[in-house]
Amino acid sequence: MLLLQFFVSGVATGCFLILATIGFSLTRRVEGFLNIAHAELLGVSAFTTWWLNSHHGWHVLAAAVAAIAFTALVGLGIARVVYDPIRHRGPAVLLITSTGVAFVIGGALHGLIGTGIRTLDIGLAHRYEAFGLRVTSHQLIVVGLAAAVSVSLALFLNRTRTGLAIRAMAVNPELAASRGVNLSATSRATWLLSSGLAGLAGVMLAVLATLTTDLAFAQILQILAVAILAGLGSLYAVILSGLLVGVAMDVSAYWIPAGYRPLVAFAVVIVVLLFRPAGLAGTRDA
Amino acid sequence: MNWPQLLVTVLTLGSIFGVVTLSLNLQYARGGMINFGIVAYFAVGAYTYAIFTQPPPQGLDQYKFGFGWPWWTAVIVAGLAALVFAAVTGWPTLRLRGEYLALTTFAFAEVFHSLLLNERRIGNGTVGLARVERPFGDWGPIEEKYVFAGAAALLLVATLLVFRRLLVSPYGRALDAIRDDETAALAAGKPAQKMRRQVFLISAVPVGFAGAVYAMFTTLAQPSLFTAEVTFIVWIALVLGGERSVYGVVLGTAGLVFFEEIVRAWPFETVRSAQIAASVEHVVTGLVFIAVLRYQPFQAAATRLKVSK
């Protein structure tokens with residue numbers, strides 16, 4: 001029974017990981033590099049929500065919407081100022097630069113907020129029981145949001161003009177441009193979208209966890225685990241691998257101490273990479 | 001501000017981290033491998049040294065092993081341990097290239113860190129191993145800290161000489177060939193995959209030594225000293241100095257350590273201002289990093305020098 005309970009909370013963890021990773025994978029797919037600073041955007045959003053909510057007394061929903069919009073703009077700004085001028089130097093330089101960006105955001109958050117733990121001004125989670133299993137209302141929100149985001153992202157990428165442009169640009173920018181895709185507008189849309197998704201994940205982080213300034217950095221490890229497992233840049237596989245990593249981490253707490261959770265995440269990744277060097281969705285030549 | 005003390009610290013730490021940056025430079029600039037988990041090899045060296053020199057556990061100690069060996073054998077074992085760790089982690093990861101390699105080495109480092117943190121039988125978990133043996137006492141009239149700084153600098157110079165000898169040899173030229181055009185090098189009969197693995201193993205050894213010296217310097221082997229931040233700092237130093245330039249790498253490390261020590265040694269009035277200074281240090285480090293990668297001033301200078309010759 002306890003094992004099943006761990007499984008249920010693992011699904012919730014996995015859904016959070018999906019939210020956190022999907023923007024990261026979108027950046028990798030379209031812009032072609034690993035944005036280590038993605039996790040710090042979660043922190044930006046989480047603390048903006050907290051600041052509006054508990055300092056200015058905004059309702060948590062209003063605070064969340066404002067935080068997501070703010071994070072999307074921050075993400076776009078960073079991309080324009082920092083990443084775009086060095087795009088021609090290749091993905092390795094961009095990857096290393098993004099760790100610099102992570103330093104800057106992390107340091108700024110730390111300087112502005114300071115140490116200590118913080119929580120949002122919202123009520124305690126409601127608990128539901130069914131078949132002897134407990135679920136909190138917060139967990140249900142995460143699961144619902146992850147499902148909604150996955151479906152609407154799929155619809156967006158397959159049905160709308162901007163979505164199709166993003167996919168075309170990801171596959172072949174020159175060809176897309178010659179067919180009339182406005183590359184800079186599409187890139188802008190991608191950054192707004194992926195940073196906005198980071199913002200959403202950040203709000204969930206603020207709801208689920210008590211906030212500390214180094215919390216955001218800790219997320220990058222799990223995001224990386226999920227993204228590698230899925231195969232860098234693939235989006236649908238993120239759903240599967242997010243659930244897999246989330247469940248593996250939480251169920252493992254049944255046998256081994258909970259402090260080993262990140263270790264379990266990476267153990268899964270290393271085992272998968274041994275057999276499928278390009279991740280779950282990867283092809284041989286990827 | 002106590003300038004002589006500051007300079008000694010910069011010399012010592014600069015030498016220790018210089019060794020790590022040099023090894024990373026060998027892996028990245030010559031071998032084309034992005035190792036984002038370099039801190040793990042450093043930590044292996046430090047913990048191995050601590051474990052092999054400390055007395056067997058007693059009282060409140062939770063660690064299981066303490067051999068009480070003389071310091072110099074422990075230093076050698078630290079280098080060997082880093083080599084073994086590189087062999088174990090290199091076996092599954094080196095088939096991967098580019099960012100996959102960066103991510104899996106990063107993953108290995110995090111796994112190792114979490115192992116040190118949670119497994120109390122290795123090194124007391126979060127508490128770490130304190131009172132690590134420091135081998136050099138005062139040397140006649142010379143104070144211990146100067147002797148120690150000299151020893152660290154000696155390690156740096158030795159690493160520098162060995163690496164330089166290696167790189168000007170036919171072996172080094174073959175490495176350059178593989179990095180510049182792998183297909184051509186393969187066609188010329190150079191075993192690219194095997195040589196990359198060798199470089200990965202060779203460059204881990206000095207990192208293990210540096211870890212041992214770092215454990216002596218801090219007299220502490222604690223998980224909080226070996227976080228991903230160390231990896232990033234070393235990478236920043238590498239980029240700062242300009243990849244491929246051996247002396248640039250050493251200077252870059254020294255400059256970065258100098259900057260950090262000044263911030264650390266500054267007399268702050270309140271806890272809050274010290275906190276703000278620490279975050280400003282982070283922000284500035286990140287900004288320098290971004291700017292150097294974008295404008296690459298040192299590389300440009302190096303090219304100009306070559307042209308004018």
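In this predicted model, B:G128 sits in the loop of chain B that runs between α5 (120–123) and β1 (129–130). B:G128 counts as buried because its relative accessibility is 3%, and buried means under 20% relative accessible area. Leaving out residues up to four places away in sequence, B:G128 touches B:Y47, B:G123, B:A221, B:Q222 and B:P223. With one of these partners, B:P223, the separation in sequence is 95 residues, while the C-alpha atoms of B:G128 and B:P223 are 6.6 Å apart in space.

The chain around this loop is built from 13 helices and 2 strands. Of the 309 residues in chain B, 53% are buried. When the contacts in chain B with a separation of 6 or more are considered, 76% of them join residues 24 or more positions apart. The accessible surface of chain B amounts to about 14200 Å², and 67% of that surface belongs to carbon and sulfur atoms.

**The nonpolar core**

In soluble globular proteins, nonpolar side chains tend to be buried together. The largest nonpolar core here has 175 residues, and A:F16, A:Y83 and B:F42 are those with the most contacts inside it. Helix α2 (residues 38–53) of chain B gives the most to this core, contributing 13 residues. Once neighbours within four places in sequence are set aside, B:F42 is in contact with B:I16, B:F17, B:V20, B:V207, B:A210, B:G211, B:Y214, B:F226 and B:V230.

On the side of chain A, A:F16 also appears among the contacts of A:Q219, together with A:A39, A:L42 and A:L205, again without counting neighbours within four places in sequence. A:Q219 has its place in helix α9 (residues 215–230) of chain A, and A:Q219 is classed as buried because its relative accessible area is 8%, below the 20% cut-off.

**Where the two chains meet**

The size of an interface is often given as the accessible area lost when the parts come together. Chain A and chain B bury about 3700 Å² between them, and 75% of this area lies on carbon and sulfur atoms. On the chain A side, A:I96, A:F103 and A:Y260 lose the most area to chain B, and together they account for 19% of what that side buries. The contact draws 39 residues from chain A and 39 residues from chain B. How many salt bridges cross the interface of chain A and chain B? The rule finds 0 salt bridges there, although a search of the whole structure finds 6 over all chains.

**Salt bridges within the chains**

Side chains of opposite charge can pair when their charged atoms come close. Three of the pairs found here are set out below with the distance between their closest N and O atoms.

| Salt bridge | Closest N and O atoms |
|---|---|
| A:D84 and A:R80 | 2.2 Å |
| B:D176 and B:R179 | 3.4 Å |
| B:R179 and B:D180 | 3.1 Å |

In chain A, A:E31, A:R80, A:D84 and A:R87 are linked in a network of salt bridges. A:D84 is partly exposed at 24% relative accessibility, and A:R80 is likewise partly exposed at 28%. In chain B, B:R179 pairs with B:D176 and also with B:D180. B:D176 and B:R179 both belong to helix α7 (residues 170–180), where they are 3 residues apart, about one turn of the helix. B:R179 is partly exposed, with 24% relative accessibility, whereas B:D180 is exposed because its relative accessible area is 54%, over the 50% limit for that class.

**The surface of chain A**

A nonpolar patch on the surface is formed by A:L2, A:L3, A:Y254, A:W255 and A:I256, which together have about 510 Å² of accessible area. Within this patch, A:I256 lies in the loop between α10 (236–252) and α11 of chain A, and A:I256 is partly exposed, its relative accessible area being 36%. Helix α11 (residues 261–275) itself holds A:V271, which counts as partly exposed at 46% relative accessibility. A:V271 and A:N35 are 236 residues apart along the chain, and their C-alpha atoms are separated by 24 Å.

Definitions and conventions
Residues numbered from 1 in each chain as written. Chains lettered and ligands numbered in written order. Predicted model: local features only at pLDDT ≥ 70, side-chain atom pairs only at ≥ 80, totals over all residues. Heavy atoms only, no water. Core = buried A, V, L, I, M, F, W, Y, C linked by side-chain atoms within 4.5 Å. Buried < 20%, exposed > 50% of the residue type's maximum accessible area, 1.4 Å probe, protein only. Helix = DSSP H or I, 4+ residues; strand = E, 2+ residues; numbered from the N terminus. Contact = heavy atoms within 4.5 Å. Patch = residues over 30% accessible without salt bridge, like charges linked within 9 Å, V, L, I, M, F, W, Y side chains within 5 Å. Areas by Shrake-Rupley, 256 points an atom, 1.4 Å probe, with all protein chains shown as cover. Salt bridge = Lys/Arg side-chain N within 4 Å of Asp/Glu carboxyl O. Buried area = accessible area lost by both parts, 1.4 Å probe.
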